[in-house]
Amino acid sequence: MESNEIAGDLSKVLLTQQEIHDKIAELSRRIEADYEGENLLLVGVLKGAVMVMADLARELKLPLNMDWMAVSSYGSGTKSSGVVRILKDLDSDLTGRKVLIVEDIIDSGLTLSWLRANLESRGAASVEICALLRKPDAAKVEVDVRYVGFDIPNEFVVGYGLDYAEKYRNLRDVGVLAPHVYS
Ligand code: 5GP
Ligand code: MG
Ligand code: MG
């Protein structure tokens, strides 16, 4: 476990920064092969995907653009509502673009299936999804995620961009919060 003081709030480390780094390199090789000769547009979903986006973009040996969206589907709780609001929209014109949505985690899949349909409706040539983490519930929704880093158990995780009440995003590892944090 890292020596960061807030790491004491984790009951266990699920993925170390080394494992995450290796997985992002592996995904990047697949993405490079699939988008050879293309000018890719990475769309990062704020705020959780900031770390994945930064590492993936630097790992990819492809010409690319980066843009950002902020959407909200959770309110203040930990359950997806299915209601998606755009808090910050893209700056880019998507017409004819090959778009890769970069996400931290797919849980119910509601956010991503809504987002993909939304971006497709703006005239993108293709819209694919890369998610670092996927939870079991994602299987219940018909959302095709082409690039998945890790399938994880159905626990609430934080770190590497993922928050609990806006904390823990700066942890280098991904871990499960200790019970004392909730109480
Ligand atoms: P979905 O619509 O797939 O249920 O929700 C996706 C979003 O919910 C993610 O982008 C993330 O913001 C949040 N989320 C889902 N599961 C977790 C989790 O285990 N930890 C954290 N921190 N956020 C989560
Ligand atoms: Mg997210
Ligand atoms: Mg959050």
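What follows is a conversation about how the terms used for this predicted model rest on their definitions.

Author: The structure is a predicted model, in which local features need pLDDT of at least 70 and side-chain atom pairs count only at pLDDT 80 or more, while totals for chains, interfaces and linings use all residues. Residues are numbered from 1 along each chain as its sequence is written, and chains are lettered from A and ligands numbered from 1 in the order in which they are written.

Reader: What makes a stretch a helix or a strand here, and how many of each are there in the protein chain?
Author: Helices are DSSP runs of H or I with at least four residues, strands are runs of E with at least two, and both are numbered from the N terminus. By that criterion the protein chain has four helices and nine strands, which follow one another as β-α-β-α-β-β-β-α-β-β-β-β-α.

Reader: Why is the protein chain called as compact as a globular protein of its length?
Author: The radius of gyration is taken over C-alpha atoms, and the globule rule is 2.2 Å times the number of residues to the power 0.38. For 183 residues the rule gives 16 Å, and the protein chain has a radius of gyration of 16 Å, close to that value, so the description applies. Along the principal axes, its C-alpha atoms fill a box of roughly 50 × 35 × 30 Å.

Reader: What makes strand 4 and strand 7 edge strands?
Author: Two strands pair if DSSP finds at least two bridges between them. The open sheet of six strands has the order 4-3-2-5-6-7 with mixed pairing, and strand 4 (85–88) and strand 7 (147–151) each have a single partner strand, so one side of each is left without a neighbour in the sheet. Strand 3 (residues 64–72) meets strand 4 in the antiparallel sense over three bridges, with Arg-85 as the bridge partner of Ser-72.

Reader: How do you know that strand 8 pairs with strand 9?
Author: Two bridges join strand 8 (residues 157–158) to strand 9, and the two run antiparallel, which satisfies the requirement of at least two bridges. Strand 1 (residues 10–15) is joined to strand 9 (residues 174–177) by four bridges, also antiparallel. Val-176 of strand 9 stands opposite Lys-12 and is the bridge partner of Val-157. The resulting open sheet of three strands has the order 1-9-8.

Reader: Why is helix 1 called oblique to helix 2?
Author: Axes are lines fitted to C-alpha atoms, for helices over the stretch in contact, and angles run from 0 to 180 degrees between N-to-C directions. Angles under 35 degrees count as roughly parallel, over 145 as roughly antiparallel, 65 to 115 as roughly perpendicular and the rest as oblique. Helix 1 and helix 2 (residues 50–59) pack at about 50°, with their axes 9 Å apart, and that angle makes helix 1 oblique to helix 2. Contact, meaning C-beta atoms placed from the backbone that lie within 7 Å, is made by Ile-24, Ala-25 and Ser-28 of helix 1 and Asp-55, Leu-56 and Glu-59 of helix 2.

Reader: Which residues of helix 2 are buried, and what covers them?
Author: A residue is buried if 20 or more other C-beta atoms lie within 10 Å of its own, exposed if 12 or fewer, and partly exposed in between. In helix 2, Met-51, Val-52, Met-53, Asp-55 and Leu-56 are buried, and their cover includes helix 1, strand 2, strand 3, strand 5 and strand 6. Over the protein chain, buried residues make up 33% of the 183 residues.

Methods. Two residues are in contact if their C-beta atoms, placed from the backbone, lie within 7 Å.
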